[in-house]
Amino acid sequence: MNNFSKKLEHFAFKNLMLETDLMKIEESGVDIQHIDTVSKKEIVDTELFEHEILTSARKMARFYVYYFAFENSIRSLISGRLEEKHGINWWDIKAPPGVAKNVADNQAKEKDTAMAIRSEDPLSYTNFGELIDIITYNWEDFSDTIRSKKSMESVVSQFGKIRNVIAHSCELEEDDIIRLKLLIKDWFRIQS
């Protein structure tokens with residue numbers, strides 16, 4: 001990933017954080033015309049859900065955006081770096097065997113459903129922990145991009161714990177909200 005791409009990605013994350021702050025202002029009752037409303041005919045009638053659950057869901061929605069962007073920026077780093085070093089078919093030669101097997105299993109299971117196929121890219125079928133396994137397995141390809149394996153493991157280990165809270169539809173405590181934002185900053189700090 002070149003310097004411009006890193007700056008652009010960092011800029012995008014700063015914008016996500018600003019977006020969250022603007023949403024907080026509107027949620028506190030100040031109408032700044034930031035949040036567009038969606039007509040009820042386009043979504044499930046939210047009146048079907050308890051008010052407390054909807055309030056919690058709206059609070060947590062902005063953190064899902066962070067989590068989604070963070071996890072997919074790691075996917076982008078992996079695919080960009082390994083394709084740059086090993087070509088377009090990097091997956092076939094650089095994916096750890098256990099990860100490749102899980103991905104193949106996930107792809108096969110998805111084909112047996114009525115759902116749309118999410119992607120032809122096997123990286124789209126990896127879970128968060130497997131992304132880190134790919135970097136660790138190919139550390140020689142990332143050692144000039146990430147400060148150290150230990151710093152990466154520290155950041156992603158903590159992020160993984162917060163990610164689980166978000167992914168399992170629970171609320172983050174205020175300290176963990178701060179921690180999440182700091183971890184995202186840390187991730188960009190440890191990249192060369």
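This passage looks at how helix 7 and helix 8 pack, at one residue between them, and at some aromatic pairs.

The model is a predicted one, so local features need pLDDT of at least 70 and side-chain atom pairs count only at pLDDT 80 or more, while totals for chains, interfaces and linings use all residues. Residues are numbered from 1 along each chain as its sequence is written, and side-chain values use heavy atoms, with hydrogens and water left out.

Start with the two helices. Helices are DSSP runs (H or I, at least four residues), numbered from the N terminus. Helix 7 covers residues 149-167 and helix 8 residues 174-189. Their axes lie 10 Å apart and make an angle of about 140°; axes here are lines fitted to C-alpha atoms over the stretch in contact, and angles run from 0 to 180 degrees between N-to-C directions. That angle makes helix 7 oblique to helix 8 (under 35 degrees would be roughly parallel, over 145 roughly antiparallel, 65 to 115 roughly perpendicular, and the rest is oblique).

On the helix 7 side, M152, V155, V156, Q158, F159, I162 and I166 meet D176, R179, L180, L183, D186 and W187 of helix 8, contact meaning heavy atoms within 4.5 Å. Sorted by class, this contact has nine nonpolar, one polar and three charged residues (Ala, Val, Leu, Ile, Met, Phe, Trp, Tyr, Cys and Pro are nonpolar; Asp, Glu, Lys and Arg are charged; the others, Gly among them, are polar).

L183 sits in helix 8 and is buried, with a relative accessible area of 3%; buried means under 20%, exposed over 50%, and partly exposed in between, using a 1.4 Å probe and protein chains only. Neighbours within four places in sequence aside, L183 touches V155, Q158, F159 and I162.

F159 also turns up among the aromatics. Eight aromatic pairs are found in the whole structure; rings of Phe, Tyr and Trp (its six-membered ring) pair if their centres lie within 6.5 Å, and planes under 30 degrees apart are stacked, over 60 edge-to-face, and the rest tilted. One of them joins F63 and Y66 edge-to-face, at 5.9 Å centre to centre and 70° between the planes. These two are three residues apart in helix 2 (residues 51-86), so about one helical turn separates them. F70 and F159 form a tilted pair, because their ring centres are 3.9 Å apart with planes at 40°. With F70 in helix 2 and F159 in helix 7, this pair ties together parts 89 residues apart in sequence. F70 and F159 are both buried, and they belong to one aromatic cluster with F128 and W187.
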